[in-house]
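Visitor: I would like to see how the labels on a model follow from the numbers behind them. Could you walk me through a few?

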Amino acid sequence: MKIIGKSLFYALILLLFTECKPDFNQNADYKDITVTYGLLNPKDSVHYIKVYKAFLTDGNAILAAGDLDNISYYDQIDVSVEEYINNDSIRTLRFTMTTAIPKDSGIFAYNPQVLYYSTATLNPDALYKLKIINLQSGKEITAETPIVGNFSIIQPFSDIASFLTSNSATVKFRKAPNAVAYDIYLKFYYIEVNKNTGDTITPNGVIQWKVTRVRSEQSSIEVLASLNQLYTVIASRLKPNENLTRYTNGIECVELEIWGAEENYMIYLDINEPSSSLVQDRVMYTNMKTSDGSAYGIFSSRNIARKKFKLINSTNNAAMDSLLYGSITGHLGFE
């Protein structure tokens with residue numbers, strides 16, 4: 001699984017701490033609060049679960065958050081996921097602690113980053129139950145999720161990105177089992193080369209545009225979208241540079257991605273969406289269960305369908321010319 005660029009776990013951590021003043025004195029007895037984040041995807045070769053703990057301090061909370069010992073359990077917990085089919089327990093997947101995955105720096109301790117992982121192959125037809133046991137206190141945390149199954153993109157039909165020269169295009173795909181909502185993305189892959197030296201400056205450039213989010217549980221989902229806005233998105237992300245020549249990264253440089261999300265994940269996303277309201281207090285959603293209510297976070301699943309398209313000129317379609325010479329992106333130095 002990708003530890004997604006802007007991991008929801010950190011949103012949850014921030015929700016726990018942003019209401020705290022930098023200096024405070026907590027008089028209550030210490031209570032072990034566990035925060036867990038895990039998204040399963042049957043297409044992933046490695047699955048990660050992040051388990052952290054909240055903490056109390058009489059000093060500066062920002063400084064205390066930078067101490068990994070305050071927020072990490074290390075090997076003090078046992079993390080496993082049990083696989084069920086038709087209510088029968090099939091196997092137990094053990095998750096091993098690792099600190100090998102780097103994380104961007106920030107307020108919270110990041111070096112090393114503590115994760116728990118498994119390389120097991122997931123069954124899209126199974127139900128998975130998470131179990132976290134604190135080996136010192138005996139506290140047990142559980143959560144469960146069905147797996148979002150495989151699905152496919154039906155439309156656009158052609159493998160040529162002719163939709164980039166149309167005012168609107170139809171995106172159609174089959175329902176993903178156990179998914180309730182979908183995020184639709186369009187990606188553009190490019191390369192940047194230094195004109196003077198010939199060196200490749202950006203070998204794997206990617207511009208990702210979130211087209212829309214749709215909620216549906218129909219057997220097939222159809223969305224009308226202005227996919228030609230991708231040119232405008234490219235122009236907003238790249239700046240003219242007389243020292244660079246830009247190229248598409250291969251002919252199939254446009255990719256449609258659709259992410260299907262399980263219900264608990266969508267509830268969590270909805271609650272944590274940025275709010276324009278003056279009232280910032282929020283309900284904290286979690287599907288973690290423990291006897292004393294001392295666990296927060298999300299354990300859910302998602303899946304992805306992808307289709308690549310060729311950015312070329314063809315009959316009644318000048319998609320490549322629009323990139324090279326059009327009024328929106330013609331000044332960006334593409335060849």
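Visitor: What makes one face of strand β6 covered and which residues are on the uncovered one?

Guide: Happy to show you: Tyr128, Leu130, Ile132 and Asn134 form the covered face of β6 (residues 127-134), while Leu127, Lys129, Lys131 and Ile133 form the uncovered one. A strand here is a DSSP run of E with at least two residues, and a helix is a run of H or I with at least four, both numbered from the N terminus. This is a predicted model, in which local features need pLDDT of at least 70 and side-chain atom pairs count only at pLDDT 80 or more, while totals for chains, interfaces and linings use all residues. Residues are numbered from 1 along each chain as its sequence is written, and side-chain values use heavy atoms, with hydrogens and water left out.

Visitor: How do you know that β3 and β6 pair?

Guide: Two strands pair if DSSP finds at least two bridges between them. Strand β3 (residues 77-85) and β6 have eight, in the antiparallel sense, so the definition is met. Val81 stands opposite Leu130 of β6. On to β7 (residues 140-146): this strand pairs with β6 over seven bridges, also antiparallel, and Thr142 in β7 is the bridge partner of Lys131. Five residues lie between the strands in the hairpin of β6 and β7, where Gly138 takes a positive phi near 85°.

Visitor: Why is Asn317 called buried?

Guide: Because its relative accessible area is 5%, and buried means under 20% (exposed is over 50%, partly exposed in between, with a 1.4 Å probe and protein chains only). Asn317 sits in strand β17 (residues 317-318). Leaving aside neighbours within four places in sequence, Asn317 is in contact (heavy atoms within 4.5 Å) with Ile160, Ala161, Ser162, Thr165 and Ile312.

Visitor: What makes the approach of Asn317 to Ala319 a polar contact?

Guide: The side chain of Asn317 reaches the backbone nitrogen of Ala319 at 3.3 Å. A polar contact is a pair of N or O atoms within 3.5 Å; within protein, one must be able to donate a hydrogen and the other to accept it, and residues adjacent in sequence count only if both atoms are side-chain atoms. The distance of 3.3 Å therefore falls within the cut-off.

Visitor: Which residues of helix α4 are buried, and why do they line one face?

Guide: In α4 (residues 230-237), Leu230, Tyr231, Val233 and Ile234 are buried. Seen down the axis, they fall within an arc of 160°, so they line one face; the arc is that of the directions from the helix axis to the C-beta atoms. Their cover includes β10 (181-194), β11 (200-215), β14 (254-261) and α6 (319-325).
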